[in-house]
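The following paragraphs lead through the fold, from its sheets to the helices packed on them and then to a single residue. Please keep the sequence and the model in view while reading.

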Amino acid sequence: MIFPESLKKGDTIGVTAMSHPADKDTDKIRFRNGAAQLKKKGYNVIFTPNVFNDADRFGRSSSGRERAAQFNALCADPSVKGIYSAGGGDFLAEMLRYVDTETFLKNPKWIQGYSDNTSILFYLTTKCDVATAYGANFGDFGMEPWHLSVSRGLEVLEGKCKIQDSFDKYQDGFGKRETGLEGYTADIPVNWKCITSADGKCEFTGRLIGGCLDVLLNIAGTPYDGACEFIEKYKDDGIIWYMESFALQFENMMEGLWKLKEMGWFRYTKGIIFGRQLFYNNEAYDGTPLPSYEDVLKERLSELKVPVITGADIGHRGPQFVTVNGAMARVSCEDGSGSMEYI
């Protein structure tokens, strides 16, 4: 596994819109403040042209070819040591056929984002064997003041933070933006839980891989899916899958997890971590109660006989960890709290 060089003061961070752009006035304020905050930390920040484009009618910053070209330019720039995505959205996968992996491999650097950015992170880690970072998009650097997750997430890529402990509270959904500088409105207690153990406790080690389940299901079986090769290569380490869902419903979850099992994704698995789901409907269209999110996971994953954690600090209900694809980690869960240690 190739790990990019740790970020350090004096480095340049590139920001590009691989999915949705920062097209609202509050986004622009937030991004410029993020650049100013990072400058105080000793970093230079550059934005590619598509970051502040108006979104097209499908919510994209530019065409797949254009998005890839701007990403490739950052990869080719030796002064750029890290690339953050402007945001999530949809259709990032359109740019994957144009990504210049040869240039990326000549000068591997940290790539970070989450949600729709799962596509490129998963591709680069499972196909190119380069570690990538599933964590907050660039906008979080623009909040005032920084939440602990922002400073700690940066420290992960700086090589200074090896252990991330669960936060006390999280935000339910997306907060309203008025100034562009808002932080998290975290008011719901965090509750990690091992749903496959009687006391809710567990601990396991292995090599991390995963992302947003909605996106993983979209790219599974395409040329950009190297899951089976990845888990075969690192089978002696054991695999830790982490996942979180944006808008998957009961049927999508049931069918999607069945599909991944049938494809062999869960071979050599030591444990599975699920972040807090964002949109999941517990009722059918006629009001009939549906199985809970937890019930679906038990139904589909219990036969694996491995620990399954829910409620982790990963994904759309922030704050969230920076979860490094390809890294070896020790994960533990007890009494509603959890931790992830890179080893």
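Two strands are taken to pair if DSSP finds at least two bridges between them. Strands (E, at least two residues) and helices (H or I, at least four residues) are DSSP runs, numbered from the N terminus. The model is predicted, and local features need pLDDT of at least 70, side-chain atom pairs count only at pLDDT 80 or more, and totals for chains, interfaces and linings use all residues. Residues are numbered from 1 along each chain as its sequence is written, and side-chain values use heavy atoms, with hydrogens and water left out.

One open sheet contains 6 strands in the order E2-E1-E3-E4-E5-E14, and its pairing is mixed. At its edges stand strand E2 (44-47) and strand E14 (323-325), each of which pairs on one side only. On average, neighbouring strands of this sheet are turned by 25° against each other, direction ignored; axes here are lines fitted to C-alpha atoms, for helices over the stretch in contact, and angles run from 0 to 180 degrees between N-to-C directions. Strand E1 (residues 12-16) is joined to E2 by 4 bridges in the parallel sense, and Val15 has Phe47 in E2 as its bridge partner.

Helices lie across this sheet, where contact means heavy atoms within 4.5 Å. Helix H2 (residues 64-76) lies across E1, E2, strand E3 (80-85) and strand E4 (110-113), and runs at about 170° to E1. H4 lies across E4, strand E5 (132-134) and E14, at about 145° to E5.

Another open sheet has 8 strands, ordered E6-E16-E15-E10-E11-E12-E13-E9, again with mixed pairing. Strand E6 (163-165) and strand E9 (193-194) are its edge strands; each has a single partner strand, so one side of each is left without a neighbour in the sheet. E6 is joined to strand E16 (residues 337-342) by 3 bridges, and the two run antiparallel; the bridge partner of Asp165 in E16 is Ser339. Strand E15 (residues 328-334) also pairs with E16 in the antiparallel sense, over 6 bridges, with Glu334 bridged to Ser337 in E16. E15 and E16 form a hairpin with 2 residues between them, and Asp335 in the turn has a positive phi of about 55°. Elsewhere in the sheet, strand E12 (residues 269-275) and strand E13 (residues 308-312) run parallel and are joined by 3 bridges, and Gly275 stands opposite Ala312 in E13.

Helix H4 (residues 118-128) also lies across strand E10 (202-212) and strand E11 (239-244), running at about 120° to E10. Helix H9 (residues 293-301) lies across E9, E12 and E13, at about 165° to E12.

Helix H5 (residues 148-157) is mostly covered, with 7 of its 10 residues buried. Here, buried means under 20% relative accessible area, exposed over 50%, and partly exposed in between (1.4 Å probe, protein chains only). The buried residues of H5 include Val150, Arg152 and Leu154. Just after H5, Gly159 takes a positive phi of about 80°.

Where does Ser245 lie? Ser245 is in the loop between E11 and helix H8 (250-262). Ser245 counts as buried because its relative accessibility is 0%. Leaving aside residues up to four places away in sequence, Ser245 touches Asp214, Met253, Gln277, Leu278 and Tyr293. The side chain of Ser245 makes a polar contact of 3.0 Å with the side chain of Tyr293. A polar contact is a pair of N or O atoms within 3.5 Å; within protein, one must be able to donate a hydrogen and the other to accept it, and residues adjacent in sequence count only if both atoms are side-chain atoms.
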